[in-house]
Amino acid sequence: MLWTVAGGLFAISEGLFAVLALTQTPPEIGVHILMGALLLAGTALMYGLFRHAWPRLAPGGVAVLEQLWPLAIGTLAILVLEAGIGVGMKNAPLDSNTLLPQHPLAIAAVILATTAEGVFAAAVLARLRPLVLFRSRRVPAVLWTVMLVGMLATALTLLSARGPILERPEPSVPALLFAGITCLAALVLALRQGWITTLSPRKRLGAGLIVLIFGFALLVFLYIRMKGLATVAIYGDDMAFLPVSFIMSRALAGPVTLVASFGILFSATTLLVLLFQLPTAGGTTSQDTERRALHSLVSLSGGELDREAIAKTAVAAPVDAGLGDAAWLLLTHVRSGIVKPSLTATHGIEESIAEAAADGPALHEHAKEIGSLLLDPATIDHRVHARPGDGIGSLVALPIGGDGQDQGLLLVSRKTVGAFSANDVVALETFAAQAGLALSHGELFEEALERERLSRELDLAREVQQRLFPQTLPSLPGFDLAAAEHPAREIGGDYYDAIALPGNRLGLIVADVSGKGTGPAFYMAELKGIFQSTAPLANSPADFLIRANEALASSLGRGVFVSALYAVIDPDGHLQLARAGHCPALLATEAGPRFLRPDGLALGLARGPLFSETLAQESVNLAPGDALALFTDGLVEARNSQEDFFGYDRLSEVHQAYRHLPAEQLRDALLEKRNAFASADEPQDDLTLVVLTYTGNQSTALNP
Amino acid sequence: MSNFSVSFRDEDSAHVLTLKGDLDAHTASEFEVALQNCLDAGKTRLVIDGAKLDYVSSAGLGVFMAFIEPIREQDGDLKIAALQESVFEIFDLLGFPILFEFFESVEEALSRYEQD
């Protein structure tokens, strides 16, 4: 939108001029001033717009060249334009009285030239500003404003300048003053060449070339405006020449000259600085190198925690910062078992070449000892196998390690021999140290993630296991039931369940899966599902176990088996029991203790008929007061410090002795005796215990 | 913690693996490797001498189960002999005597092979 305003200002001014020229009416002083003022305003506005449109200078020097090229090209363009206009205008002279062009084409040419100069001046200033004010503090910025104001002030004093044109008018005192201030400021600013230090040697060459073209073109531009091609002939008394740019208004021409002069000054200073600072083979100033090292470190501190991303940055950053031509990284990864440093990332070099270029492990061993290794020339070292075409003239090997850990080796190469200065190596060492830190941080983070994931897995498995056990035990008449489960430290494979079956019968199951960990817990969950759904439908305990064996057959892997014992008791005390490879059940009666141990294979050991053929079933009639105990081997296999087992004998003794207690107390007594026996130092198995005291059917008690 | 070892000896009718120590989750893999070596070498008529086997856990039992089918598919067998009473009890509880042949002594097991 504002561009339209700027364009409008130019348009009005030039429109006025066109009218005046066509009618050959010399403008009044007021109109003349107005035209000049409009041009100045338009140019100033355009400068502001250019400044905001063009981005600030990016670090690293890449964008600098992109900014410079347009300068050179633009100057050449305007040079050609003005020369062309001047040549064309040779045949279209000004009227000596009105000093206005007569031919419409000449009018157009003048307008074109004036507009072009205005735009050019604004653009050049805007383009040069970021270079001049690179990393500046207040003073240079103020000086820049002073220079611009000076240019504007000079221009304002020239607004009314319309004297005899055969001689150059004496510049007025104010004009000289303002111009002088402008030139002083311009001089100081032109010396600001800090932007050059961000460039690597190669980029400096490019910059120098561009600036040379730019500066030279400006010189020519100035010359032809004043004296040469871009002047217009005035016929009349004497052949005289007037610069095209003066025709519309001298006010604009003034600043344009000042801008061009500033540009020339700046270019000259740049070229001088480049000439004197241009590095000899390999040498750069230490400040330079430090800046570049810092720049590469900034890339690393982006907070990357991903090992691969860090590796990629670690090889790209030194090359981007100009500390090397190519880089590759060899890393160990102890957690994955990679003890020998192996190629992890490359930049500026093909993987196959990097692999073969040097004996990484050998260099790594040496570099670990002395801190960093400079091989120069690289190829004469016996550990470097690079061939001439690989582009490895000099090589730096840097150990990568953080927090005292050794992580691997960073190799940075340059194409030519003698290309690394001592400063370069120091910068690379700093960088390598930082890379090592970044890697070890990433490592720690990964480990923490892993631990959390593992602990969550364990928590999940424990939760699953807890849900396997019944939350409440069924309460049926005639039965007093109690249970306990104590998984060992690892997630165990024990399971028990109690279910009320049709006819007020009670079904009790205890099971034990081979192995420990999250796998067994999930087998148990499956068994629970089978039990809950199938037990009520089974005809007998044996029938259930046969169905369970079939159902589990496909899930259980080879070598995995589940032992289980299933008992069904009627309200009148009739007990049926089948045992699939599990510990026997223990029954305490008036007559004494007795183990119920019918034959049977554990689940998962045999598919097909072998299981059902070899599975037996036992039946017993319980009397009131009888106590039944179902358990897993953790109860009897508890060890003491002499490595004796608690055993079946001790168990049956205690069970028999306390059989008259209510189920809960009987259970506690058994557990107490077992725990008292067991040594806390020995690893113990999962413990599961179900105790049933048969209190008898009311009706049978009353009606024996 | 657990000392466990497997040693071989060749007899006319079969190959004998002598197990010593505790066969549990930590040592089961060693037993696995030994059995796999026998299979790879074509030795499929095997007798386990368990006289010095002090303990076997479900992991150890799992190894027996894992190999019995491949062995029998190659017309061989895995017979178990001379177990200590407590160790035999562990096998017996699970019903292993239904699946494997158990003998009081290695000689009996060997002569059983000769009969086949």
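Analyst: Rings of Phe, Tyr and Trp (its six-membered ring) pair if their centres lie within 6.5 Å, and the pair is stacked when the planes are under 30 degrees apart, edge-to-face when they are over 60, and tilted otherwise. On that basis, ring pairs link A:F561 with B:F31, B:F64, B:F88, B:F91, B:F96, B:F100 and B:F102 into a cluster. The model is a predicted one, in which local features need pLDDT of at least 70 and side-chain atom pairs pLDDT 80 or more, while totals for chains, interfaces and linings use all residues. Residues are numbered from 1 along each chain, chains are lettered from A and ligands numbered from 1 as written, and side-chain values use heavy atoms without hydrogens or water.

User: Why is the aromatic pair of A:F479 and A:Y694 called tilted?

Analyst: Among the 20 aromatic pairs over all chains, A:F479 and A:Y694 stand 5.9 Å apart from centre to centre, with 45° between the planes. The distance meets the limit for a pair and the angle falls between the two cut-offs, so the pair counts as tilted.

User: What does this pair tie together?

Analyst: A:F479 belongs to strand β8 (residues 479–486) and A:Y694 to strand β17 (residues 687–694) of chain A, so the two rings tie together parts 215 residues apart in sequence. Helices (H or I, at least four residues) and strands (E, at least two) are DSSP runs numbered from the N terminus; chain A has 21 helices and 17 strands, whereas chain B has five helices and five strands.

User: How do you know whether A:F479 and A:Y694 are buried or exposed?

Analyst: A residue is buried under 20% relative accessible area, exposed over 50% and partly exposed in between (1.4 Å probe, protein chains only). A:F479 has 11% and is therefore buried, and A:Y694, at 2%, is buried as well. Of the 704 residues of chain A, 51% count as buried, and in chain B buried residues make up 54% of 116.

User: What makes A:R414 and A:D424 a salt bridge?

Analyst: The definition asks for a side-chain nitrogen of Lys or Arg within 4 Å of a carboxyl oxygen of Asp or Glu, and these two side chains meet at 3.1 Å, N to O. A:R414 lies in strand β7 (residues 408–414) and A:D424 in helix α14 (residues 422–468) of chain A, so the bridge ties together parts ten residues apart in sequence. A:R414 is buried at 13% relative accessible area, as is A:D424 at 2%.

User: Why are A:E365 and A:K368 about one helical turn apart, and are they buried or partly exposed?

Analyst: Their separation is about one helical turn because they are three residues apart in helix α13 (residues 360–370) of chain A. The closest N and O atoms of this salt bridge are 3.5 Å apart. A:E365 counts as partly exposed at 44% relative accessibility, and A:K368 counts as partly exposed at 39%.

User: How do you know that B:K79 lies over the face of B:Y113?

Analyst: A charge sits over a ring if NZ of Lys or CZ of Arg is within 6 Å of the ring centre and within 35 degrees of the ring normal; B:K79 is placed over the face of B:Y113, at 4.7 Å from the ring centre. B:K79 also forms a salt bridge with B:D77, with the closest N and O atoms 2.8 Å apart, and both residues are buried. Salt bridges that share partners join B:K79 and B:D77 with B:R72, B:E101 and B:R112 into one network.
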